[in-house]
Amino acid sequence: MEEQVLSVEQMQELIDMGIDTSKASICWLIPRLKGEILLHICTEKDEWEYIEKTFMRYPTFTLQDVLKMLPNSIKFAQLSGILTIKKDSMNYYQVQYKDFIKEYNIQQFVEKSLLDATFNMLKWCKQNNYI
């Protein structure tokens with residue numbers, strides 16, 4: 001499961017950039033005393049009283065959360081980029097905005113992990129005011 005959610009450090013980067021984390025669908029629970037860091041999905045309000053006494057709650061995004069935040073398309077100068085995701089023959093993931101008419105990659109991130117590639121694209125989109 002940890003490979004499907006952003007780390008505490010990655011989430012801190014997004015928070016520092018001003019990205020709203022209120023729609024995070026999962027959270028890290030960090031013990032107030034020494035102990036194991038946990039991932040948790042909380043749906044019941046009455047759970048929070050116990051949890052907040054025992055843990056620090058740190059919202060985190062899943063891969064699905066990040067994908068939902070990325071625009072399907074962007075305008076860049078005279079280009080119209082469409083979000084595309086593919087896995088290449090070396091098992092790397094390519095997340096890019098590409099103008100298919102002019103055959104131009106506006107921005108591309110290539111990573112071993114799809115989550116890392118989408119995370120980098122999310123940061124780029126925020127830095128360039130697309131979100």
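The protein contains four helices and seven strands, and the model in which they are seen is a predicted one. Following the chain along its sequence, one meets these elements in the pattern α-β-β-α-β-α-β-β-β-β-α, with a helix at the start of that order and another at its end. The protein has 131 residues, of which 39% count as buried, and its accessible surface comes to about 8400 Å², with 50% of that area belonging to carbon and sulfur atoms. Among the contacts in the protein with a separation of 6 or more, 49% are accounted for by residues 24 or more positions apart.

A useful place to begin is the pair formed by helix α1, residues 8-17, and helix α4, residues 114-127, which pack with their axes 11 Å apart and at an angle of about 10 degrees. Because angles under 35 degrees count as roughly parallel, α1 and α4 are described as roughly parallel to each other. The residues that meet at this packing are Q10, E13, L14 and M17 on the α1 side, and D116, F119, L122, K123, K126 and Q127 on the α4 side.

Two of the residues in that list are also joined by charge. Side chains of opposite charge can pair when their charged atoms come close. The side chains of K123 and E13 meet in a salt bridge, with a distance of 2.9 Å from N to O. Since K123 lies in helix α4 and E13 in helix α1, this pair ties together parts of the protein that are 110 residues apart in sequence. The two partners differ in their cover, for K123 counts as buried at 16% relative accessibility, whereas E13 counts as partly exposed at 35%.

Helix α4 can also be followed towards helix α3, residues 63-69, where V66 has its place. Which residues does V66 touch, once its neighbours within four places in sequence are left aside? V66 is in contact with L6, F61, T118, F119 and L122, and two of these, F119 and L122, are among the α4 residues that meet α1. V66 and F119 are 53 residues apart in sequence, yet their C-alpha atoms are 6.9 Å apart in space. Is V66 buried or exposed? V66 has a relative accessibility of 0%, and because buried means under 20%, this residue counts as buried.

The count of salt bridges in the model comes to two, and beside the pair between the helices there is one formed by the side chains of K98 and E103, at 3.6 Å from N to O. K98 is found in strand β6, and at a relative accessible area of 17% K98 is buried, while its partner E103 counts as exposed at 55% relative accessibility. If residues up to four places away in sequence are not counted, K98 touches S80, G81, I82, E103, Y104 and N105, so that the list of contacts includes its salt-bridge partner E103.

Strand β6, residues 93-99, is preceded by a loop that separates this strand from β5, residues 79-87, and Y92 has its place in that loop. Y92 counts as partly exposed, at 33% relative accessibility. Together with M90 and V110, Y92 makes a nonpolar surface patch of about 280 Å².

Two further residues deserve a look for their backbone conformation. Most residues other than glycine have a negative phi. A77, however, has a positive phi of about 55 degrees although it is not a glycine, and this residue lies in the loop between β4, residues 73-76, and β5. N129 likewise is a residue other than glycine with a positive value, its phi being near 60 degrees, and N129 is found in the segment after α4. Both residues are exposed, A77 with a relative accessible area of 71% and N129 with one of 67%.

Methods
Residues numbered from 1 in each chain as written. Predicted model: local features only at pLDDT ≥ 70, side-chain atom pairs only at ≥ 80, totals over all residues. Heavy atoms only, no water. Patch = residues over 30% accessible without salt bridge, like charges linked within 9 Å, V, L, I, M, F, W, Y side chains within 5 Å. Areas by Shrake-Rupley, 256 points an atom, 1.4 Å probe, with all protein chains shown as cover. Salt bridge = Lys/Arg side-chain N within 4 Å of Asp/Glu carboxyl O. Helix = DSSP H or I, 4+ residues; strand = E, 2+ residues; numbered from the N terminus. Buried < 20%, exposed > 50% of the residue type's maximum accessible area, 1.4 Å probe, protein only. Axes fitted to C-alpha atoms, helices over the stretch in contact; angles between N-to-C directions. Parallel < 35°, antiparallel > 145°, perpendicular 65-115°, else oblique. Contact = heavy atoms within 4.5 Å.
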